[in-house]
Amino acid sequence: PVKLAARMVAGDEAGAWSVVEAALASSLDPAGVYLDLLVPALEAVGDGWAARTWTVADEHRATAVAQRLIGRLGPRFARRGRKRGAVVLGAPAGELHGLPSAIVGDLLRGAGFEVFDLGANTPAKSFVDTARQANRLIAIAIAATSTGRDGALRTTIRALRRNAISAPVLVGGAAIAGEEHARRVGADG
């Protein structure tokens, strides 16, 4: 993860991809690359930014490279055949981090689910509209990475409930302190 984080911060997509390719060639499957390599590298970038070892520009370069890596790995999660149900996911209005839902979306696709990833900064109405259109909806998952998003989470969850969306609503991410916090914002878990 340290080598990948350094390549990402440098804006070196080719070097970062070579780290990913080496991991795929050795022992990791795409899910393992996400969970054991990319997520820890992203955490290292976040820690470096918080410690002021890296700048906002460094973090943005790393994010751009991570997006490109996810774009290249994403098709490897596609599965043919009947889906296990649909999941709508994204981040609430004001939440600017879209990588967590992209990663979770690919992992869910790999597990056989149909995924509607709405990305970052998604208005409540978009969650509602997409949930209404989803065939065999089994869950709505909302990611909050930045603190201070409880109001946006509540707004989104209330909009889903007002529109008779009965699928469970799950919240997660670095800004969610646990099950009790999830319930306080109105989520099922």
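These exercises walk through a sheet and its helices in a predicted model.

Residues are numbered from 1 along each chain as its sequence is written. In this predicted model, local features need pLDDT of at least 70, side-chain atom pairs count only at pLDDT 80 or more, and totals for chains, interfaces and linings use all residues, while side-chain values use heavy atoms, without hydrogens and water.

**Exercise 1. Lay out the sheet.**

Task: Find the strand order of the open sheet and its edge strands.

Solution:
- Step 1. Fix the terms. Helices (H or I, at least four residues) and strands (E, at least two) are DSSP runs, numbered from the N terminus. Two strands pair if DSSP finds at least two bridges between them.
- Step 2. Read the order. The four strands run β2-β1-β3-β4, and the pairing is parallel.
- Step 3. Find the edges. β2 (114-117) and β4 (169-172) each have a single partner strand, so one side of each lacks a neighbour in the sheet.
- Step 4. Check the twist. Neighbouring strands are turned by 20° against each other on average, direction ignored. Axes here are lines fitted to C-alpha atoms, for helices over the stretch in contact, and angles run from 0 to 180 degrees between N-to-C directions.

**Exercise 2. Follow strand β1.**

Task: Name the partners of β1 and sort its residues by direction.

Solution:
- Step 1. Take β3. Strand β1 (residues 86-90) pairs with strand β3 (residues 137-143) in the parallel sense over five bridges. Gly90 has Ile142 as its bridge partner in β3. Val88 stands opposite Ile140 in β3.
- Step 2. Take β2. Four bridges join β1 to β2, again in parallel. Val87 has Val115 as its bridge partner in β2. Ala86 stands opposite Glu114 in β2.
- Step 3. Recall the rule. In a regular strand, side chains alternate between the two faces of the sheet.
- Step 4. Sort. Ala86, Val88 and Gly90 point one way from β1, and Val87 and Leu89 point the other way.
- Step 5. Judge the cover. Five of the five residues in β1 are buried. Buried means under 20% relative accessible area, exposed over 50%, partly exposed in between (1.4 Å probe, protein chains only).

**Exercise 3. Place helix α5.**

Task: Describe α5, its link to the strands and its packing against α3.

Solution:
- Step 1. Link. β1, helix α5 (residues 99-110) and β2 make a right-handed β-α-β unit. Right-handed means that, with the strands pointing away from the viewer, the path from the first strand over the helix to the second runs clockwise.
- Step 2. Pack. α3 and α5 meet at an angle of about 170°, with axes 11 Å apart. They are therefore roughly antiparallel. Angles under 35 degrees count as roughly parallel, over 145 as roughly antiparallel, 65 to 115 as roughly perpendicular and the rest as oblique.
- Step 3. List contacts (heavy atoms within 4.5 Å). Among the residues that meet are Tyr34 and Leu38 in α3, and Ile103 and Asp106 in α5.
- Step 4. See what lies over α5. The cover of its buried residues includes α3, α4, β1 and β2.
- Step 5. Look just after α5. There, Gly112 takes a positive phi of about 95°.

**Exercise 4. Test one residue.**

Task: Is Asp106 buried or exposed, and what does Asp106 touch?

Solution:
- Step 1. Locate. Asp106 is found in helix α5.
- Step 2. Classify. Asp106 has 6% relative accessibility, so Asp106 counts as buried.
- Step 3. List neighbours. Leaving out residues up to four places away in sequence, Asp106 touches Tyr34, Ile70, Gly74 and Phe77.
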